[in-house]
Amino acid sequence: MKTRWYKDAVFYQIYPRSFCDSNGDGIGDIQGIISKLDYLKELGINAVWLSPVYASPNDDNGYDISDYKAINPEFGTLEDWKQMVAGMHERGIRLVMDLVVNHTSDEHFWFRESRKSKDNPYRDYYIWRKGRGKDGKKPPNNWTSRFTGSAWKYDAATDEWYLHLFSEKQPDLNWDNPKVRKEVIDICNYWLSMGVDGFRCDVITYISKAEGLPMGKFNPVMCGDEHFVLGPHIHEYLNEINRESWSKYDTMIVGEAIGCKVGDAASIIAEEKNELDSAITFELMEVDMKLNFFPVKLRLPKFKKVISAWQNLPPSCWNTLYLENHDQPRSVSRYGNGAGIYRKELAKMLAVTLHFLRGTPYVYQGQEIGMTNIALKEEEYIDIMATRIFTIIRKVFPPLMPLARWAMSKRARDHARTPMQWSGRPGAGFTTGKPWMKINPNHVDINVENEKKNPSSVLNFYKKLISLRLGNQILRDGSYKEYFPKNRSLFVYERALGKQRYIVICNFKEKNVNLNAIDMGARGAELVLSNYKDAPKAFTDGQTLRPYEARVYLQIK
Ligand code: NOJ
């Protein structure tokens with residue numbers, strides 16, 4: 001029986017490498033997570049999305065899996081993992097694991113076999129083709145890897161090329177092979193039988209490729225999308241796993257849905273489809289970012305328009321709400337002046353913006369204390385995306401390097417992956433050893449220890465917000481309506497159910513902004529939450545919102 005528990009959940013995403021290191025090797029681990037379960041309980045969240053902890057050579061930090069049933073020894077053992085799940089469940093916290101099955105690592109047994117010979121039983125687990133041109137020296141088509149360059153790698157052993165939509169060490173699985181789908185079902189059942197509550201399916205919208213792998217429309221960075229985003233058999237394949245695995249447990253399945261537009265959503269997440277329960281979509285991220293890494297100016301009306309479009313999905317669809325994860329920069333640095341004196345107000349305002357919407361909110365580790373982007377020198381970036389971009393630009397057109405450095409200082413994935421800031425001491429309470437990645441020097445001020453002590457901290461605001469949200473029927477089931485869509489500074493919306501409605505007002509500017517709210521008919525509504533101490537207790541038609549101010553009013557008719 002599916003209870004759809006996720007509709008009453010607030011998620012916390014853990015990126016294990018950077019969360020907490022228990023053994024001083026500089027890498028976060030499962031015992032580190034266990035040591036912070038009480039912290040998560042106190043924060044009030046009731047579900048965790050755990051980024052991959054499986055065996056992996058770490059070309060893409062765990063998103064390249066070499067054994068789906070084994071725990072990466074850097075993180076601990078299966079026994080540690082079992083202790084972690086038990087600890088979560090004892091505290092009423094569900095666990096959703098990452099499921100990365102568009103591709104494996106090239107070090108996975110299946111791929112090692114597959115590349116041996118054309119008649120190997122595992123050959124068809126992957127997508128192999130002959131090269132183009134008379135001498136076969138050109139890749140089979142022009143699709144590009146999401147990490148730059150061709151999506152094909154030549155393999156001399158069999159004189160063929162294999163497809164990799166991410167790095168060369170992440171060969172794409174061939175989902176048209178029923179044996180591959182059986183393996184995926186088996187992996188899901190393995191973890192579900194051990195108590196996992198669901199999966200976050202990595203780039204799941206890419207699994208079905210168009211027959212014949214046709215050439216893509218010209219695009220130097222993202223070529224081929226039209227042939228594999230929500231490809232021809234996606235619904236059939238998701239339906240099959242759902243039937244054979246996910247639906248046998250009380251799961252939540254959230255799919256990372258790159259390329260899925262609001263118009264496609266119902267086809268993949270509507271309840272009656274029995275495919276995914278919800279989707280992590282990218283339209284909001286694309287409002288101020290092009291080509292996956294290039295920053296463009298945030299235009300609030302566009303930002304609100306995307307949110308409103310997703311909020312207005314048919315009732316049988318459910319949203320995933322996020323502003324941060326391990327692939328996105330820190331929201332206080334992205335949507336405002338995270339380095340300024342209003343950082344805390346900004347962090348709280350963004351939290352309000354997100355947590356009053358319809359859907360399941362996700363808090364990414366560190367977001368709850370307002371962690372910021374980090375200033376890195378070119379050689380300090382570690383992530384495959386930034387390092388590949390630098391390498392290619394240096395090779396192809398060096399004069400663009402300053403622009404590349406600027407883009408990475410704003411959008412690199414590294415910003416989200418700096419170690420969690422638990423304290424102001426050396427190692428930030430994350431590790432006693434040498435951290436695998438640079439710790440943000442601002443941990444001396446921005447850290448959990450300080451935040452716990454300060455009643456008006458970002459952390460304490462998050463606690464209040466989460467407890468207000470959980471079990472709140474208006475926020476779960478209420479309707480959504482946006483006001484003043486053209487306003488370039490304020491995001492104003494309501495959530496209403498029966499005789500009650502919340503009115504949410506968020507100022508995205510670092511200056512005072514006036515609101516004329518006479519048309520809202522909300523005069524006298526009562527203030528229930530604000531990120532400033534002295535916000536007016538009753539709603540008035542004319543209001544002045546201070547820098548990054550957020551006010552939430554409740555009206556009972
Ligand atoms: C999406 C993941 O979130 C990202 O970190 C990863 O690099 C790609 N998928 C490839 O697995």
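This note walks through the ligand site, the pocket around it and the enclosed cavities.

1. Please keep in mind as you read that this is a predicted model. The points below start at the ligand and work outwards.

2. Which residues come nearest to the ligand? Of the 14 residues around it, these are D60, D202, H326, D327 and R413. Try finding those five in the viewer before moving on.

3. Now look at the polar atoms facing the ligand. In the side chain of D327, an N or O atom is 2.5 Å from an oxygen atom of the ligand. R413 has a polar side-chain atom 2.9 Å from a ligand oxygen, and for R200 the corresponding distance is 3.0 Å. As for cover, the ligand on its own has 300 Å² of accessible area, and the protein covers 98% of that.

4. What kinds of residue make up the shell around the ligand? It divides into 7 charged, 4 nonpolar and 3 polar residues. D327 and R413, which you met above, are among the residues that come nearest to the ligand.

5. Where does the ligand lie with respect to the domains? It lies between domain 1 (5-103 + 178-377 + 419-467) and domain 2 (104-172), because both of them give residues to its shell. Colouring the two domains separately may help you see this.

6. Next comes the pocket itself. The ligand takes up the space of the largest pocket, whose volume is about 530 Å³. This pocket has a lining of 29 residues, and those nearest its centre are R146, M222, I258, F282 and N292.

7. By class, 11 nonpolar, 11 charged and 7 polar residues line the largest pocket. Domain 1 and domain 2 both contribute to this lining, so the pocket, too, lies between them.

8. Finally, have a look at the enclosed spaces. How many cavities of 30 Å³ or more does the structure hold? There are 5. The largest cavity has a volume of about 190 Å³. It is lined by 13 residues, with L284, I307, W310, T320 and L321 the closest to its centre.

Note on methods: Residues are numbered from 1 along each chain as its sequence is written. This is a predicted model: local features need pLDDT of at least 70, side-chain atom pairs count only at pLDDT 80 or more; totals for chains, interfaces and linings use all residues. Side-chain values use heavy atoms; hydrogens and water are left out. A residue is near a molecule or strand if one of its heavy atoms lies within 4 Å of it. A polar contact is a pair of N or O atoms within 3.5 Å; within protein, one must be able to donate a hydrogen and the other to accept it, and residues adjacent in sequence count only if both atoms are side-chain atoms. Accessible areas come from the Shrake-Rupley method with a 1.4 Å probe; for residues, only the protein chains shown count as cover. On a 1 Å grid over the protein atoms alone, a cavity is a set of points where a 1.4 Å probe fits but cannot get out, and a pocket is an open set with protein on both sides within 12 Å along at least five of seven lines; lining residues have an atom within 4 Å of a point. A molecule sits in a cavity or pocket if more than half of its atoms lie within 2 Å of its grid points. Ala, Val, Leu, Ile, Met, Phe, Trp, Tyr, Cys and Pro count as nonpolar, Asp, Glu, Lys and Arg as charged, and the others, Gly among them, as polar. Domain bounds come from an automatic or database domain assignment. Grid points are joined across faces, edges and corners, and a volume is the space filled by probe spheres set on the points.
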